[in-house]
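Let's take a look at how charged side chains pair up in a protein chain. Scroll through the structure first, then read on.

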Amino acid sequence: MISRFQTSLRTALVLTATVLAHAAYGQDAAPAGTAASDAAAALSPPKLVTFVDATYPAAAQAARLQANVDLELTIDATGAVTSARVAAPVGNGFDEAALEAARRFVFEPAKRGDKAIPARIKYRYVFELAAEAAPLPTTGELEGKILSRSDNQGIAGALVTLSAEDGQPTRTAISDPSGAFHFSALPPGRFHVKLAASGLAPLAADEEVAAGELTSVTYRMEGAGKASAAATLEFGATATIEAPPREVTKRSLSGEELLRVAGTRGDPLKAIEYMPGVGRSPQAEFIIIRGSSPADSEVEFEGAPVYRLYHFGGLTSFVQPRLLDKIDLYPGNFSARFGRKMGGIIDVGVRDPKTDALHGMVDVNVVDSSFLFEGPLTKNWSFAVAAKRSYVDLFIDKLIPKDQAQITAAPVYWDYQAMLAYKPSSNDRFRAMVYGSYDDLKLILAHPADADPSIRGGVSSKTEFHRAQLTWQHKYNAAVEHEINLSTGPFSFGTSVGPDLAVQIPGYEGFLRSEWRARLTDRLRLLGGLDVSYNWFNFAYDGPRPTQVDGDPDTFGPLTGRQNVSLHHSYGFLRPAAYLEAIWQVTERLTLVPGARVDYLGDVDRWTFDPRLTGRIQLTATTILKGGVGLFSQAPSGADSLPVLGNPHLRPGRAQHYSLGVEQEVGGRLKLTAEGFYKRLSDLTVNSPVPGENLNNDGIGRIYGGEASAKLRPTAKASGFVSYTLSRSERNDHGEGWRLFNWDQTHILTVAGAYRIGRGWDLSGTFRYVTGNPLTPVVGSIYNANTDTYKPIYGAINSDRSNAFHRLDLRVEKSWRVRSGSIAAYLDVQNAYDRHNEEGRAYNFDFTKTGVISGLPLLPSFGVRAEF
C-alpha cells in the first residue's frame, strides 16, 4: 500500500537534501600453509539425465510379481554407462531387464571441482505394477567418506557417531582404509553426525535421511590445532532426480559464497543488483527488474512481502547475511505461488539455527555493527538472535554545513531477527521468528530551495516494520506434505517536506500462506495453496494531489503553486488468493509446468485469473532449452485507488509475459545463459483527462530485450561472472504514441571477479555500467506574480537522459584461524575511482541554470569480524 509513496516522496526528499550542497562467488580462505588444488575441490555425484524404461518380464508381469534390482553402474567422464552389474540377483527376468535398460542411461558425469571424472554408483531399479503399487520403502541409508583436508587422502579408523533426533539408539561405525563408512536401515529423519580421529579436530554436522533414498556425503577434517569450523561439508546428494524448476528463469544466490563480493559490504542481498535483468534505481534503494517500475516487483521474505529490502542509501539490507538460506530472483514468468505483481519476484529465505554447538559472529565497521548468536537449547530446540545498528548519526552533522541545515535526528537504521526452532520428529518442524527494520532522518533547512520555496523548514522521513511469524512443516508420508506460514505485525511510514507535504501511514498487516505438495506418480507432482494478505492502516495525507508516477514530470516537480488536498481516513484491504500448479515430467527430457492463480483484490473489489505455463527440454547432457508464457495481475499502487487522491473504480493492471532461453555448460568450467523476453502491459494507471476523475486505466506498455551471462571458474582459486542486459521499456498514455518509461535502461553490464591469493587473503572486484534513466528536459519557465515564483516549461516526455552510471567496487580481506574460530579484517571500497554519478538534477529559481545531483562518493568501509 505504501510502495508508491516510498518511491515518489522519498525521491523528493533525496533531491531536497542533495540540493544542499555476480555474481562473483567468494570462497572461504584456505588454512594457513595449505595449498588449494583441484584435488581438494568439492566432489559432486553423477546426475541422471536420460532414463530408459525397462521391458517388464512377461512371466513376472503375468504372475503379478514386482522387484527392486540393485545395480552397480560405472560411469565414464562423458556420462555414459560403461559397465553395469547386478549386486544382488532377484531372478524372474528382472535382473536382465534392468541391466539392458541401465546400460542405455545417460548421466551428467561426476565432478571434482569443475572437472568431469569417472564414478561408480549404486542404483536401484524399481519394477512395479501400476494397478498394484509396491509398498513404499520405510528406511533410508547414509554413506560417506572422510578425507584429510591437507592431502585429500582417506582417513582410516575414524569414529563416526550417529544420533537420531527422535530418540532412536545411537549407532557408530569405523571408517575403512579409504575413509568410507555406511549406515543402512535408518528410519527417515534428521541425524546428528560426529566424527573423531586421532590428531584431528572433531567435526559435527546434521544430515537428513529419507525413506528409500541413499544420502551420500563427504567430510574433510583438519589438524587439531586448526578450527573445526573450517572442516565443512563438501556436498550432500541423494540418488534421486531433483524436481525440475517451476519457472523459466530462476537465478539463485548462495548466501555463504557471496559474503565477500566487492561492493556489497558483506551483504549477499546487495548482489541481486548484479544479476541479469536487474536495473538500478536512484540511490539504489529499490529494485528494478526487466524495465518494470519498482512498485511492480516484490520481495518475499519467508513467504510474506516486505516493502523495503534495503536501508536508506541502499547501503545494506535488513537481514543478517549469515542467516540467509536462499536468494532466488524470478525476473518473469514466475510460479503461480507468487501473485499480485507484474514485474518480478525476489524470494528470500533464512535457515534454521545451527544445532551442533554455540556459534557467534560480531562485525564492526565504520558504517554499522552487527552480531549473530545461535546454537542448541535442548535436543529438539535451537535459537538464533541477530541485530545491526548504523553509525551514520555520529558523524553526518559534520558533513553538512550549519548554515545550510540543522540535523535534529541524524540518519539512523537498525534491524533485528530472532528465532526459535523446534523439531520433535522427522515429520514435523516448527519455527517462531520475530524481525523488524527501522530508518529515520530529520533535518531543518536553513534556506528554502531556489527552484521551490515550498521546500523549507523541516524535512523528515521515517519507515519501520515489525513482524512475528510462525511456521509449521509436516510430512504426512513420503508423498504428501504441507507448510503453513502466518505473519503479522505493525508498520509505519511517514514523510514530510516543508509545510506543504506530509504523509503518515501507521497500520497493521497480516499474511497467511498454506501450501500442500503431493507426488502422485514418479512423473507428476501437484502443488497448491492459499495466499492471503490483509492490511489495515490510518491514512493521513496533506499535500499536492498525486499524479501518475511515470510520464508526468510534475510528480517530482516543484510543490509551489500546486493545489493541495487532504485525506484522513482508516482503511482495511483483504486480498485472498488460491493457486494450483503441476510439475509434469512428460518424457525423460521434457518437463511442463502448467499453473493458475485466482486473486480477489479487495481494495478495488475485483477478481483476477492468471493462467501460466512454462517448459524445459534437455537437448543434450549440457544444453537446456526453456520457455514460458503467462498472465499476471496487480492492484493499483499506493493511493491510486483511494478517494480524493485517486480513483476507487480503477481496474487491476495486467501483464503478459513471454520468454525463451537456453542454458549451456562448456567444459565443466564455464556456464552460459541467454534469454529473450517480451512483456505486454495493459490497464496501466495514468492521469485522466476527465474532470474530477484524477486517474484511469488508459495506459499500455511494452518491454522487450535479451539477457546473457557467463559464469567462469578457470581454477580453484579464481572465479568470474559477466552479465549483460539489452532492453527497451516503453509506455503509451491514451493512445498518444509510444515514449520511454521512467526507468528504461538500455544497457546494463556487470563484470565481477574474485581471486584467493592464499594464506587467508581474498581479493574481489566488481564493475557496473548502466545507461542513465530517461528524464523530461526543462525548456523554459513562466513567472507567477501571485506567488513570486517560476513554473517550469517541459519539453517532450522523457526525451532526454541522465548521464550513464558506472562504478568500480573493490574488496580485500585477510582472515586468521584461531583455536575457537576465525578473525578477519576487510576493506570494502565502493566507487573506487570516485565517479560523480548523476542521481537527479536541480535548478535555480528561474530554471535557467541546472546542476547535477551526485550520488555516493568514494566510500571505504574498513571492518573487523570475529566468528566462533
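## Charged pairs and a loner

In this predicted model, the side chains of Asp610 and Arg654 form a salt bridge, 2.8 Å from N to O. Asp610 sits in strand β34 (residues 606–620) and Arg654 in strand β36 (residues 653–666), so the bridge ties together parts 44 residues apart in sequence. Asp610 is buried, with a relative accessible area of 1%, while Arg654 is partly exposed at 23%.

Here are three of the salt bridges:

| Pair | N to O distance |
|---|---|
| Asp610 and Arg654 | 2.8 Å |
| Arg728 and Glu730 | 2.8 Å |
| Asp531 and Arg340 | 3.5 Å |

The pair of Asp531 and Arg340 links distant parts of the chain: Asp531 is in strand β30 (residues 524–544), and Arg340 is in the loop between β20 (324–330) and β21 (345–350), 191 residues apart. Both of these residues are buried. As for the other pair in the table, Arg728 is partly exposed at 34% relative accessibility, and Glu730 is buried at 7%.

The count of salt bridges comes to 49. Some join up: Arg322, Arg811, Glu813, Asp828, Arg865 and Glu867 are linked in a network.

So what about Asp846, which is buried yet has no salt bridge? Its place is in the loop between β49 (838–843) and β50 (850–854). The nearest side chain of opposite charge, Lys849, is 7.9 Å away. Still, the side chain of Asp846 makes a polar contact with that of Thr848 (2.7 Å). Leaving out residues up to four places away in sequence, Asp846 touches Ser781 and Tyr790.

Notes
Residues numbered from 1 in each chain as written. Predicted model: local features only at pLDDT ≥ 70, side-chain atom pairs only at ≥ 80, totals over all residues. Heavy atoms only, no water. Helix = DSSP H or I, 4+ residues; strand = E, 2+ residues; numbered from the N terminus. Buried < 20%, exposed > 50% of the residue type's maximum accessible area, 1.4 Å probe, protein only. Lys, Arg positive; Asp, Glu negative; His and termini not counted. Salt bridge = Lys/Arg side-chain N within 4 Å of Asp/Glu carboxyl O. Polar contact = N/O pair within 3.5 Å; in protein donor to acceptor, adjacent residues only side chain to side chain. Contact = heavy atoms within 4.5 Å.
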